[in-house]
Amino acid sequence: VKTVESVLVLAVVAKLVDQAFGLLPRLSALLIRSCACLLPPQQQERWLPEWLAELEAHPGPEILTFFWAFGVSIGAVRIGCRARAASVLARRRRLRKALTPDSKDIFMLGFIFLLFALYLVYRDRMRKDNDGQPFLGDLARATASPAEGAAVLSKSNIWTARHEDGWANRRDGDARPAQIFKTKREALDAGRDIARRDHVEHVIQNRDGKIAERNLYGI
Amino acid sequence: MQPRITRETEQVLAALLAAIGSWRYGLELGKEADLRSGTLYPLLARLEQAGWVESEWEKIDESAAGRRARRYYRLTGEGELVAREALVKTQQRLSVLRPVLGDA
């Protein structure tokens, strides 16, 4: 009974193998066709008819032909990869060409840098010029905190008047003079500077005590 | 871009150079150059792109001949020069082995 069974199994296996081998040529063609699909159309047109013709002409037994077809499909993948790599390289080359700056771009870039440098120089000069002078930014800063603002506003006027040692500058309400000078001219100049700095009124008296001038250095 | 001349390239070039003056098709070349199909066809594609090899379809009546037309290959003028140069170089490089291997 065992012998009969094994013979039957062998027969079934043989039949299956035979069927499988009968399928091999079609499988080979399918393999080549499907791998050729990976190629760009132009390459596909070039190679597929040749491979199918050679598949038909292949002399060996079916199993060897199948191995040959398997090799061809690997070759198809390699050709496809090479074509794709070439197109990627070409695109990269095009991109690099497009990104290379020409003379016009460099000129524009230089112009922008020049404008920026000019702006920096101008800004520095403005800062230097405005040192000690009233201007919007400084005022905003001065009045930013209430205490500071009050200090600025509470400064009293400057009086330039005759003094026993010459001419003096005195704050309104102070008993003692802040500065004493030999000449009226010196006292006047210094007083004007203080008044300007503090944005207050500069009052100038004559030798006899009469007010000669009032100058308001307001905001 | 010029293809690099690898050992496989040399094998194909040698097979084509040996058959100079006649056409060869893929299966023949594979046998003569001792290359598998996965190597041979990409190689032929590269050589053809470089202009070292040219190919064309066999002009036969398929039904009369009872088989499909073949795609035939041969070396171009430039390809022949390249092949000669490469193979001479290889020959010279290997000639130092003559005392070891003998004349055979």
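How much area do chain B and chain A bury between them, and what percentage of it lies on carbon and sulfur atoms?

**Entry 1, the interface.** I began with this question, keeping in mind that the model is predicted. Chain B and chain A bury about 1600 Å² between them, and 58% of that area is on carbon and sulfur atoms. I then looked up which residues of chain B supply the area, and found that Leu27(B), Tyr41(B) and Arg68(B) account for 37% of what chain B buries against chain A, more than any other three residues. Counted by contacts, 18 residues of chain B meet 19 residues of chain A.

I also looked for charged pairs across the interface, where the count between chain B and chain A is two salt bridges. Arg68(B) forms a salt bridge with Glu56(A), with the closest N and O atoms 3.2 Å apart. At 31% relative accessible area Arg68(B) is partly exposed, whereas Glu56(A), at 55%, is exposed.

**Entry 2, the core.** Which residues touch the most other members of the largest nonpolar core? This core has 39 residues, and I noted Ile32(A), Trp47(A), Trp51(A), Trp68(A), Val12(B), Tyr41(B) and Leu44(B) as those that touch the most other members. Several elements of both chains supply at least two residues each, including helices H1 (2–36), H2 (41–57) and H3 (62–99) of chain A and, in chain B, helix H3 (37–50) and strand E3 (71–75). The largest share, seven residues, comes from H3(B).

I followed Trp68(A) further. Leaving aside its neighbours within four places in sequence, Trp68(A) is in contact with Ile32(A), Trp51(A), Glu54(A), Leu55(A) and His58(A) in chain A, and with Leu27(B), Ser37(B) and Tyr41(B) in chain B. A second, separate core of five residues includes Ile158(A), Ile194(A), Ala195(A) and Tyr217(A).

**Entry 3, strands of chain B.** Is E3(B) largely enclosed or largely open? Four of its five residues are buried, so E3(B) is largely enclosed by the rest of the structure. Strand E2 (residues 53–57) of chain B pairs with E3(B) in the antiparallel sense over five bridges, and I found Val53(B) bridged to Leu75(B). Strand E1 (residues 24–25) of chain B also runs antiparallel to E3(B), joined to that strand by two bridges, with Arg24(B) opposite Tyr73(B).

**Entry 4, the sheet of chain A.** In what order do the five strands of the open sheet stand? I read the order as E3-E2-E1-E4-E5 in chain A, with mixed pairing. Strand E3 (179–181) and strand E5 (211–216) stand at the edges with a single partner strand each, so one side of each is left without a neighbour in the sheet. The twist averages 20° from one strand to the next. At the E3 edge, strand E2 (residues 166–171) of chain A and E3(A) pair in the antiparallel sense over three bridges, and the bridge partner of Ala168(A) there is Ile180(A).

**Entry 5, salt bridges within chain A.** A search of the whole structure gave 13 salt bridges over all chains, and I looked up two that lie within chain A. Glu201(A) forms a salt bridge with Arg214(A), the closest N and O atoms being 3.2 Å apart. This pair links distant parts of the chain, with Glu201(A) in strand E4, Arg214(A) in strand E5, and their positions 13 residues apart in sequence. Glu201(A) counts as buried at 17% relative accessibility, while Arg214(A) is partly exposed at 46%.

The other pair is Glu50(A) with Arg46(A), whose closest N and O atoms are 2.9 Å apart. Both lie in helix H2 of chain A, four residues apart, about one turn of the helix. Are these two residues buried or exposed? Glu50(A) is buried, with a relative accessible area of 0%, and Arg46(A) also counts as buried, at 17%.

**Entry 6, backbone angles.** Last, I checked phi. Most residues other than glycine have a negative phi. His199(A) has a positive phi, near 55°, and its place is in the loop between helix H7 (184–198) and strand E4 (201–205) of chain A. Asp34(B), which is not a glycine, has a positive phi of about 55°. Asp34(B) is found in the loop between H2 and H3 of chain B and counts as exposed at 64% relative accessibility.

How values were computed:
Residues numbered from 1 in each chain as written. Chains lettered and ligands numbered in written order. Predicted model: local features only at pLDDT ≥ 70, side-chain atom pairs only at ≥ 80, totals over all residues. Heavy atoms only, no water. Pairing = 2+ DSSP bridges. Axes fitted to C-alpha atoms, helices over the stretch in contact; angles between N-to-C directions. Core = buried A, V, L, I, M, F, W, Y, C linked by side-chain atoms within 4.5 Å. Buried < 20%, exposed > 50% of the residue type's maximum accessible area, 1.4 Å probe, protein only. Contact = heavy atoms within 4.5 Å. Buried area = accessible area lost by both parts, 1.4 Å probe. Salt bridge = Lys/Arg side-chain N within 4 Å of Asp/Glu carboxyl O.
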